[in-house]
Amino acid sequence: MPFTRLAINRPIGTLMVVLIVVFLGLVALVNIPADLLPDIAFPAVAVITDYPGAGPYEVESLVSRPLEESLAGVGEVRHITSDSLEGTSIILAEFGWGTDIDFAALEVREAIDHVRDLLPDEASAPVVIKTDPAMLPVMRVSVSGPYDLVEISRMAEQIEGRLERIEGVAAVDIEGEVREEILVEVDPVRLNAHGLSHMQVSAALQEENVDLPAGHFTEAGERLTLRTVGEFVSLEDVRSVTIESPRGATVALDDVASVELRESETETRTRLDGRPAVTLSIREQSGADTVAVASEIHRVLNELTGELPEDADLVVVRDQSDFINRSIATVSSNVLYGGLLAVLILYLFLTDARTVLVIGLGIPISVIATFAFMFFSGITLNLVSLGGLALGVGMLVDNAIVILENIFRHREEGASRADAALQGTGEVAGAVTASTLTTVAVFLPVLLIEGLAAEIFRELAMTISFALASSLFVSLTFIPMIAALFLGRPRRAGGSIADRSARVQARMGRRYDRIVRRALRRRFLVLAVAAVAFALAIWGGMGMPSVFLPEMDQGEIDVEIRMPRGTALDRTDQVVAEVEEILAGRGDVRHSYASVGQQMGEGVLDGEASDMGGLLIRLIDEGEGRAETAEVVSELRERLTRIPGAEIRVSLASGIAGEEQAMGAPVAVSVLGDDLDVLREHSGEILGIVEDIPGIVDARSSHEEGAPEIRLVVDRRRSGEYGMTAGQVAMMVRAAVEGEVATRYGTEGQDIDVRVAYPERYAGDLSSIEDIELLTPTGSIVSLSQLGSLQTEPGPIRISRRDQVRQVEISADLEGRSLGAVMDDVRADVDQLRLPPGYDVHYGGETEEMYEAFETLGYAFVAGCVLVYMVLAAQFESFRHPVIVMATIPLALIGVVGGLTAWGLPLSVPAIVGVIGMAGIVVNNSIVMITYIDQLRGRGYERDEAVARAAGVRLRPILMTSCTTVLGLLPMALEGGAGSELQNAMAVSVLGGLVISTALTLLVIPCAYSTLIPTKEESPDE
């Protein structure tokens, strides 16, 4: 190898090259951003259009359908879903993975422009929003203390200003904020007595609260500005306002209204551990380093703690960086322990500290070099990329082991250090290069496929490829160079460990030689037994439970509360308080954050409603004596579902930002068709089926009955007689019932609203609303009942559509069973339903994503095996040799099924990714063995004798490389720390496959070679 010769002849230059790579890697490590998972850009665009006053049917027909038809023509759009609600249309256009979402959003805007003129004039311009996980809060901070909410809100605003100045922070949203406002509560009787309306009161307040420039003038050669200052600066200024009545009299505001400073009414309430609180949700900029941003936020919060009152509490409710740091610490320890175990097993085989040190240096050098590749490729430090390093740490010494072991053999035969390094490396350079290329090749298709699984695990494939390429470079240059300089004649170190190791290896070699020669005489029986074992493993694997991704235990729980539609905020608050009382009695809850009047979801499409609430529960650490989060979820679900009158959903906090919005619930079954009544009927049947299936919890339907609604039907003839239009009536009624902000003024850095409203008794019930008296433009006073009639009707409902067809979706969560097993039962029962013509059932949600991921990864596995075959065919210049080498892959699948079963793990995307990686790893042992068999045959050995001798010679390097890889994976397979759920399945797949394939390879590969490769006397069919 020219690289090897150059490295041996130029040791200082080689050392400098290695040091340069190490230096670049260390610099890159400092600058690589850290995150929980790779940056995932969900390929979806939301289109939101407001159509005030329109019902769901009008919104569907006049807004949603025209937009859907136009969006259907946008390139690469996969699915279009829409929700038509009272006054709002929300459309989600989903594109194929890998789509340039910026360009897709541009196409969506162009498609909307084509139909913009067809939308109602009253409809707003459609707003296009790209989905971005960065829009989700990176941290939530609650402010509480022995103060009223107005004072706490002022503290929150002070904190908001400081946090928004942090580099990497995009926005800070305040939830549960309560501000002060001035309430001008008019007395309708007195207003009518003076011939005034509340709208005239509002107009007078606006006119009095002014600050306007009056022009410029010159005095003593200086240009001066004249300004009229009439803004309100105190409550007394508001009270001193006068109103001119139509009768020419001047009426003081105090004569017709009371003026007071009060807390504004809020549509949402937030609490921390049962105490009123105001919460700040901090969103980071897209592409920002989550850990760095969070660290800076903590620094600023520590500063603010000293500036705020001593008894004010600043509590971090949710911090993404905490789980990220713990997860990275877990996987980093896996890399460290795996490397140490690999070095330990090397010492047990070689019992020579210098040799072990030379090989062991390959691990840190290769890992550090990998960081440089990661930095320039835009890969972050996350669970997946570092998992790739942990997955490959045991393999990083494989090449060095094979090369150094062969150099040792040449030294034993009397070659000089330089000649042994050059010849020993040259003999196996092709084998180690081929073995590295097979592992890289098997991951190549993962870079080409599309889907959420590919988005998540693409960085793992790249990281392993970078690490192995670095390892190959180190093994072909640095290792021979060090061996040529310092490697003496091999000798066993004295001591019981060395002696015992030598005896064990010698005894193992003798026994293995006898076993191989015996197996060669019964090679057909050996191959038949292997084939039967493979068939049994495949049969057992078909019945394995399956999930998309393992649930990650972050120690956080989400509780979603839905009350009957139209439930008042106070009643929803009572139910949330009941949940808080239950949590207060548990010793495993560190903090509970409650939100009343809005969903706990953090997506852009979440809304507010008085009948919704939720809690975020943060548990104590596992080391403090709590059970697993899944067990706590199960306990809470059982207790909370007993609360009457509420639909309560309890679930683990998601590990992937925006996961449920991107994929939907684990179980999602939709009925599609045109008639809503038919959809409701059959969706009810499916809901009943789903609820009865074991493992299903929190089953729910997207069909919602509307809340009761009181409608004022204006009699246009009567209102016209009084000189009023329907619009004027609506505005006057709204001002009377809800009040209106007439003006606002600033004081102490705050804007205070001045709200004009009727006393609450005028909107207390239906009869009081009917008795509201209005002053007409003609000067007469009429009650509301004289202008129209009040009718109580069902309120608005949600009309959902998928791909331009109406749908009702049944969704549910899981407990105690795998997604695949549950969906098998769901499909078996639902498929028995007889739906009318034109109505279909669609299985979506996480199920759809799981099956799609399994399919694409299956293609990647097959494509990877094809590439491995091509690499091997080029290496051996043979069509038969690759077949023999790749016989280890089906043998390894036996270990995969056995390993996952023994660990109690379901088949999942990480497990399949592990299988793909395993396919490139397990062939390495066969490559090393078959390469040496061919070399012996080239020296004149008979076929079976060459097979037996090569198997004995390569036994030690095969066992060493397999043991280092297995022990390197062992911490990853056994670790139970933060974020380990994703890595366990990968590690177990590779570990189980490698253990079984190594054991079987030592027998099956010699037998397969003896069966498929002809002797010299026979004519080879290559």
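How many of the residues of β5 are buried? Keep that question open while you load the chain; this is a predicted model.

**The whole chain**

Start with everything shown as a cartoon. The chain has 1022 residues, of which 53% count as buried. Oriented along the principal axes, its C-alpha atoms fill a box of roughly 125 × 85 × 55 Å. Colour by secondary structure and you will find 35 helices and 31 strands. Consider also the contacts between residues at least 6 apart in sequence: 79% of them join residues at least 24 apart.

**The four-stranded sheet**

Select β5 (residues 137–144) and β15 (residues 278–284), then add β6 (169–175) and β16 (313–319). Together these strands form an open sheet in the order β6-β15-β5-β16, and the pairing is antiparallel. β6 and β16 are the edge strands; each has a single partner strand, so one side of each has no neighbour in the sheet. Looking from one strand to the next, the twist averages 20°. Strands in a sheet are paired through backbone hydrogen bonds, in either a parallel or an antiparallel way.

Now zoom in on β5. On one flank, β5 is joined to β15 by six bridges, with the two strands running antiparallel. Show Met 139 and its bridge partner in β15, Ile 282. Then show Val 141, which stands opposite Leu 280 of β15. The pairing of β5 with β16 is also antiparallel and also has six bridges. Pick Val 143 here; its bridge partner in β16 is Leu 314.

This is the place to settle the opening question. Eight of the eight residues of β5 are buried, so the strand is largely enclosed by the rest of the structure.

**Helices across the sheet**

What lies across β5, β6, β15 and β16? Select residues 149–163: this is helix α5, which lies across these four strands and runs at about 15° to β15. Next select residues 320–350, helix α11. Helix α11 lies across β5 and β16, at about 55° to β16.

**A strand pair further along**

Move to β20, residues 647–652. This strand is mostly covered, with five of its six residues buried. Add β17, residues 556–562, which pairs with β20 in the antiparallel sense over six bridges. To see one position in this pairing, show Arg 562 and the residue opposite, Glu 647 in β20.

**Two crossing helices**

Finish with helix α19 (residues 523–542) and helix α35 (residues 980–1012). A packed helix pair is described by the angle between the two axes and the distance between them. In this pair the axes come within 9 Å and cross at roughly 125°, and α19 and α35 are therefore oblique to each other. Their crossing is left-handed.

Which residues of α19 and α35 meet? Show side chains for Arg 523, Phe 524, Val 526, Leu 527 and Ala 530 on α19. On α35, the residues they meet are Leu 1003, Val 1004, Cys 1007, Ala 1008, Ser 1010 and Thr 1011. Coloured by residue type, this contact divides into eight nonpolar, two polar and one charged.

Key:
Residues numbered from 1 in each chain as written. Predicted model: local features only at pLDDT ≥ 70, side-chain atom pairs only at ≥ 80, totals over all residues. Heavy atoms only, no water. Axes fitted to C-alpha atoms, helices over the stretch in contact; angles between N-to-C directions. Parallel < 35°, antiparallel > 145°, perpendicular 65-115°, else oblique. Left-handed = near helix turned anticlockwise from the far one by under 90°. Contact = heavy atoms within 4.5 Å. Nonpolar A, V, L, I, M, F, W, Y, C, P; charged D, E, K, R; others polar. Buried < 20%, exposed > 50% of the residue type's maximum accessible area, 1.4 Å probe, protein only. Pairing = 2+ DSSP bridges.
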